[in-house]
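Student: I have a structure to go through with you. Can we take it one point at a time?

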Amino acid sequence: MANLMTSFNAGVSGLRSAQASLNATSHNLANAQTQGYVRQQVVITDSFYHNTYGVSDNLLQVGTGTSIVKTRQIRNTFLDAQYRIQAGRQSFYSINRQTALEIEDLLGELTGEEFSASIGQLKTALSDYAARPDLVVNKEELASMAGLFIERAQALQNQLTTYQTSLNQEIKEQVNTINDIVTEIRDLNKKIQKYEATGESANDYRDKRNELLDELGTYINFETKEEIDGTIMIYAEGNYLLDGANQYFLGVEYESATSKLLKPVWKSGGDFFRSDSLAFSSEKKTDIGSLKGILTARGNDTAKYSDMPVKPSEDDFRNEDGVLDTKAYISAVNQYSDDVAAYNDTVGASIVMKVQAQLDMLVHSVVTLVNDAFSPTKELKLADGSTIRVLDEEKSLIGDDEFETKGTELFSRRNCERYTKTTVSVRLEDGSVENREVYQYNEEDPSDVYSLYTISQLVINPTVLKDASTLPSKHNNESDKHGSYAYDELGLIPESFHNKIGSLTPGSLTTYNVDDYYVGLVSELGVQGNIWNGIVENQEITVGTLENERQNVMGVSSEEELSDLIKFQRCYDASSRYITTVSEMLEYIIERLGG
């Protein structure tokens with residue numbers, strides 16, 4: 001009798017298991033097209049056994065049916081992690097590709113005229129001036145074209161800076177979105193913990209949570225860990241964004257007290273991204289997430305020509321006799337290597353900063369070519385053994401104004417004169433010391449932007465604007481050609497535009513002249529954009545492949561579910577027939593006992 005009652009339990013447990021499986025299958029079919037839904041499966045195991053021993057001490061076990069362990073989601077956590085990493089990487093390079101395209105638009109056309117046209121117009125004005133320096137109209141045209149050159153350079157640089165600053169809003173929005181996503185996940189953690197503590201399934205909440213994690217993966221790189229109570233912790237950049245029920249929020253701050261660029265930070269204090277470097281690599285997983293992509297593409301400062309290291313030349317370390325100062329040269333080379341590494345970690349990694357630096361380098365080179373021709377300098381050794389740069393009064397040309405102004409520069413710095421008149425002590429060849437009045441050149445200091453011939457600080461020399469005849473055009477009184485126009489010297493200025501001014505990036509073997517530098521800049525930007533476009537296309541394929549693999553695991557197949565529906569229905573029918581048979585047996589036994 002007892003075994004028959006146990007058989008009833010086995011049949012009932014079979015009905016329950018079949019019914020639960022039918023419910024899960026129906027749920028799968030109903031949500032086959034629901035975004036983010038993950039296929040569910042009822043896990044069934046053997047219930048406990050009644051153990052007895054036979055006459056030979058052999059173990060006899062009588063089963064009591066089945067038990068429902070849980071209704072689980074069919075997921076692959078490895079595929080989930082890989083999908084989120086690759087989706088984040090796709091977002092990173094998509095941001096860089098989009099930035100390159102937008103900068104190409106800025107460089108390609110500026111208020112209807114290409115920037116390269118202003119270089120050609122300045123060169124033409126210099127050529128006309130060299131051919132007829134006596135004509136006032138040529139002097140005024142040169143001053144006008146030089147002003148237009150600066151105006152267009154500053155307009156273009158301002159557009160780059162404005163675009164750079166405009167990304168602040170994107171950073172704010174992404175930081176707020178990240179906080180909102182983590183908040184939703186935190187709330188879902190509480191719901192999952194509550195429902196699963198009672199033994200109920202919270203798979204629909206888990207589906208929503210996983211969907212949010214997929215979205216979060218497009219913004220930042222993170223890791224997750226699931227606790228025994230069903231909650232998950234989110235760990236990003238060395239800190240917790242979420243540890244169960246506690247959320248740690250992100251905010252934004254300016255890069256520095258003088259910066260207009262925002263960066264993400266922990267509201268509790270400290271930068272969100274652990275590394276200050278903008279350099280990125282797949283190996284170190286520093287190319288994941290659109291937030292990192294924005295910061296990398298934008299950069300963390302406004303770049304200048306002085307941010308681009310220039311490889312030292314041996315000729316700069318030779319004395320008057322041509323002897324190389326090996327120690328000083330090796331030290332300069334080592335410093336150059338350190339500067340290149342710093343450049344690659346900052347300017348070189350940011351598409352915006354790189355273009356800013358390259359554009360500034362081009363403008364600085366043009367300005368230097370012209371100014372050094374109009375107002376040449378030379379080194380002067382002082383009595384104490386030190387050297388300074390001063391106006392080379394012997395080679396300097398003079399204007400044809402009434403004062404025969406000497407060494408007037410065309411381009412000036414806003415708040416820094418080219419020379420400061422001073423008295424210095426010079427040791428003569430006979431060993432005696434002589435005090436000499438000189439025009440000491442005010443050197444450019446990379447740490448002081450106001451001392452640089454950088455785009456933001458450039459103006460046309462106010463002296464030239466007031467009186468164009470002060471532009472150098474004649475030989476000075478120390479020349480045997482005093483008073484005559486320096487056609488040959490002036491003609492060399494536009495010709496110097498064909499001389500090499502440098503490379504687009506430190507270490508590059510390809511060098512450009514003034515005419516080709518801007519074309520090379522735009523071309524390199526286009527090449528980089530194509531490279532990123534190729535990476536994005538490859539990432540799209542990778543992400544698509546991973547998503548297909550995930551769907552093969554967690555997606556709902558209507559055919560498979562319908563097949564399971566039939567299978568579980570037959571299991572239910574079999575359990576019903578089993579119970580009916582046991583019931584008939586029990587009824588027969590009771591009737592016989594009663595008779």
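Student: Is Lys 285 buried, partly exposed or exposed?
Tutor: This is a predicted model, so the values are computed from it. Lys 285 sits in the loop between strand S10 (262-266) and H6. Its relative accessible area is 43%. Buried needs under 20% and exposed over 50%, so Lys 285 is partly exposed.

Student: What is the phi of Lys 285?
Tutor: Lys 285 is a residue other than glycine, yet its phi is positive. The value is near 60°.

Student: Which loop residue has a phi near 50°?
Tutor: Look in the loop between strand S6 (232-236) and strand S7 (239-243). The residue there is not glycine, but its phi is positive. It is Glu 237.

Student: Is Lys 304 buried or exposed?
Tutor: Lys 304 lies in the loop between helix H6 (290-298) and helix H7 (326-345). Its relative accessible area is 17%. The cut-off for buried is under 20%, so Lys 304 is buried.

Student: Which residues is Lys 304 in contact with, leaving aside neighbours within four places in sequence?
Tutor: One of them is Asp 360, which also belongs to the H8 side of the contact with H4. The full set is Ala 357, Asp 360, Val 449, Leu 452 and Thr 454.

Student: How far apart in space are Lys 304 and Ile 455, C-alpha to C-alpha?
Tutor: In sequence they are 151 residues apart. In space, the C-alpha to C-alpha distance is 8.3 Å.

Student: Where is Ser 451, and is it buried or exposed?
Tutor: Ser 451 is in the loop between strand S15 (433-441) and strand S16 (458-460). Beyond four places in sequence, it touches Arg 413, Cys 416, Glu 443, Glu 444 and Asp 445. Its relative accessibility is 6%. That makes Ser 451 buried.

Student: Which residue's backbone oxygen lies 2.8 Å from a polar atom of the Ser 451 side chain?
Tutor: The partner contributes its backbone, while Ser 451 contributes its side chain. The partner is Asp 448.

Student: How do H4 and H8 run relative to each other?
Tutor: The axes of H4 (residues 136-197) and H8 (residues 351-374) come within 10 Å and cross at roughly 165°. H4 passes H8 in a left-handed crossing. Angles over 145 degrees count as roughly antiparallel, so H4 and H8 are roughly antiparallel.

Student: How many nonpolar residues are in the contact of H4 with H8?
Tutor: Residues on the H4 side include Leu 142, Phe 149 and Leu 156, and those on the H8 side include Val 352, Leu 359 and Phe 374. By class, the contact has four polar residues and one charged residue. The nonpolar count is 13.

How values were computed: Residues numbered from 1 in each chain as written. Predicted model: local features only at pLDDT ≥ 70, side-chain atom pairs only at ≥ 80, totals over all residues. Heavy atoms only, no water. Axes fitted to C-alpha atoms, helices over the stretch in contact; angles between N-to-C directions. Helix = DSSP H or I, 4+ residues; strand = E, 2+ residues; numbered from the N terminus. Parallel < 35°, antiparallel > 145°, perpendicular 65-115°, else oblique. Left-handed = near helix turned anticlockwise from the far one by under 90°. Contact = heavy atoms within 4.5 Å. Nonpolar A, V, L, I, M, F, W, Y, C, P; charged D, E, K, R; others polar. Buried < 20%, exposed > 50% of the residue type's maximum accessible area, 1.4 Å probe, protein only. Polar contact = N/O pair within 3.5 Å; in protein donor to acceptor, adjacent residues only side chain to side chain.
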